[in-house]
Every structure is written in C-alpha cells, then in structure tokens.
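Hello,

Here is the structure for you to look at. My notes follow below it.

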Amino acid sequence: MTAPQISFEFFPPKNLEASFRLWDTVQVLAPLAPRFVSVTYGAGGTTRELTRDAVATLHKSSGLNVAAHLTCVQASREETLAIADSFALAGVTDIVALRGDPPQGAGHFTPHPGGFANSVELIQALAETGKFAIRVGAYPDIHPEAASAQADIDWLKAKLDAGADEALTQFFFEAETFFRFRDACAKAGIDKQITPGILPIENWKGARNFARRCGTYIPAWVEDAFDKATRDGREDLLATAICTELCSELIDGGVDKLHFYTLNRPELTRDVCHALGVTPKVALQNVA
Ligand code: FAD
C-alpha cells in the first residue's frame, strides 16, 4: 500500500486554552508533512476575525501551506472579498470556498442583501481575482438541500467549472459510498481532484449528532459497534480500527489523498496516519 498524501482541518481557537490546544495539535501533526492544513470559518460567519488571525499565525509560524475557509453567510460581496484579500495580504492564497450554513437556529440559508447568492458566485469572484487556489465542499451522501443525487453532482460540477481546483468531501462511513460518488462524478464529466474527507471519531455521540445534522448515512453496524465499544470502554480502539480500515479500503480503491477532520485533537488522526504508513519526515541532520 502506497502511503497517501494527507491534509488536516482545524478550527480557529476561541480562547487562550483553545489556542494552546491548536498549537499542540499542529506540533503533533506538522511532522507528517501535510499537503496543506485548513482553518474553518464558524457557522454564520461567527469566527471571521478568529479565522483570519489563526490562518495568518499558522502561515507565519508553522511553515505549513495554509488554506482559509470562507463562506457567503451574513456579509456583503465587498466584505467577503475584503476578507479574501486580507488572507492574500497575509500570504495565504488557498481558500476553501463555501456557501456556508446559517447561524444556529436560522433554519435555512438566506443570502445577505448585498452578498453572494450561492457558492458558485463566490467561486467565480475569487477566481476572477486570479490570486487564489480554490477548493470546495462535496457530498458523497448527498447534501440535505439537494433536489436529487444528480442535482447535487451537477451543482458540484458548476462549482468546479466556476474556477475551483479540488473538492473536499463531507465525511462518510463506508468506502463504497465514496466510490459510488467518484464514479457518478466521472460520469458527469468531472475530472478534477475529489479528496475524501475523513472524520476520526473521538466522540461517538458527537459524531452521530453531527452525521444526522449533515445527512451522512450511519450504517447499523457502526451504531452497534460503537454502542458495544462504549459499554466496554473501548471507544478509542474501535475508532482507530474503523478509521484505519476505511482509509485502507479507499487507498486500495485508488485514492491517493485524504483530508482529515481533526477537531483540533491530533492523537487519533496521528495514529491512523502512522498505520497508513504516513510517518514523521525527520531531517537527516536531526538523526545523525
Ligand atoms: P453548496 O454546494 O453551494 O450547496 C449545498 C447543496 O445545496 C449543493 O450540493 C446543491 O445540491 C444545493 N444547492 C445550493 N445552491 C444551489 C443552487 N443554486 N442550485 C442548485 N442546487 C443548489 N460550513 C461553515 O460554516 N464553515 C466552514 O468552514 C465549513 N467548512 C466545510 C468544509 C468542507 C470540506 C465541507 C464539505 C463543508 C464545510 N462546511 C462549512 C459546511 C457547509 O457550509 C454546508 O454543508 C453548507 O450547507 C453548504 O455549503 P457548500 O458550499 O458546500 O454549498
């Protein structure tokens, strides 16, 4: 099995303690030489400044290739493009461009009166600047708002045709789900990189709630296995095994890039990466 190229998603810290946790996470995962690391943008645009600061600090001090998430939520076009410009000024030219979710409790997405109406408009505007490498979201289990599986893929194609370079998927539980999606994308004429998003399950209850919210199908065998493991106090062991197995199956099926949702907790992601043959890149002079 050839070791995959990997990338990691972090969220911006909201307080001092969380800042230390993010920094510890970066210390643990940076030696695995990720392709890039990305920093999320809080639902409802709630972490605008925190994201900008975390992105700029990581870029300056970690030496990693950093991608900033950016959404259309609750901001005018000018404001959104000004944030993108502030990323570029900080030297960050990779953007994960999303429509975004509304603030909690708001129900469904309503564009800001002077804002981008959808993700395609945002991607077009970012692409027109010529400054950014653009990644977008994709949904192997189908986005809850999609009219149909085909409509979801057609919309993904529109996002990639608008100037995005790569799609990062929502997490899913079975490799077959990704393979079906990859085949359907190829059939629709999508030839850009589609990278599976992987959620190492640190906390089953949290992961299950999150999956339900974003329409990710939870197979019965996963529910059963976590119920038993939780009773036996072996959740960590099961999480590592399930995640490693999923990644191995993806790699056996031709996947060479994986994007990990770390939730700023590095241990499980690190253990899975090690099991897949992604080990720290230690400079030779440090070994001698
Ligand atoms: P889109 O793909 O634009 O829309 C979602 C779905 O709705 C589409 O798949 C399509 O089926 C349908 N749709 C929407 N508009 C149209 C249209 N005009 N015509 C036809 N169909 C349409 N959220 C955050 O708030 N902050 C983040 O940092 C963040 N990071 C994420 C990273 C990744 C890799 C992923 C996969 C998701 C992330 N999200 C984040 C969640 C994301 O904001 C939500 O899933 C949101 O509901 C959709 O955003 P999108 O850009 O994927 O939407």
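**Thr-269 and the ligand shell**

Leaving aside residues up to four places away in sequence, Thr-269 touches Phe-8, Leu-29, Pro-200, Phe-260 and Thr-262. Contact here means heavy atoms within 4.5 Å. Thr-269 sits in helix α10, residues 266–275. Because its relative accessibility is 0%, Thr-269 counts as buried (under 20% relative accessible area, 1.4 Å probe, protein chains only).

This is a predicted model: local features need pLDDT of at least 70, side-chain atom pairs count only at pLDDT 80 or more, and totals for chains, interfaces and linings use all residues. Numbering runs from 1 along each chain as its sequence is written, and side-chain values use heavy atoms, without hydrogens or water.

Now the ligand. The residues around it number 21 (a heavy atom within 4 Å), and Tyr-41, Asp-101, Ser-119, Tyr-139 and Asp-152 come nearest. By class, the shell has 8 nonpolar, 8 polar and 5 charged residues. β3 (66–71), α5 (149–161) and β6 (166–171) each supply at least two shell residues. α5 gives the most, with 3. Helices (H or I, at least four residues) and strands (E, at least two) are DSSP runs, numbered from the N terminus.

Which side chains have an N or O atom 2.6 Å from a ligand oxygen? Tyr-139 does, and so does Lys-159. For Trp-155, the distance from a side-chain N or O atom to a ligand oxygen is 2.8 Å. The protein covers 83% of the 950 Å² of accessible area that the ligand has on its own (Shrake-Rupley method, 1.4 Å probe).

Best wishes

Methods
A polar contact is a pair of N or O atoms within 3.5 Å; within protein, one must be able to donate a hydrogen and the other to accept it, and residues adjacent in sequence count only if both atoms are side-chain atoms. Ala, Val, Leu, Ile, Met, Phe, Trp, Tyr, Cys and Pro count as nonpolar, Asp, Glu, Lys and Arg as charged, and the others, Gly among them, as polar. Buried means under 20% relative accessible area, exposed over 50%, partly exposed in between (1.4 Å probe, protein chains only).
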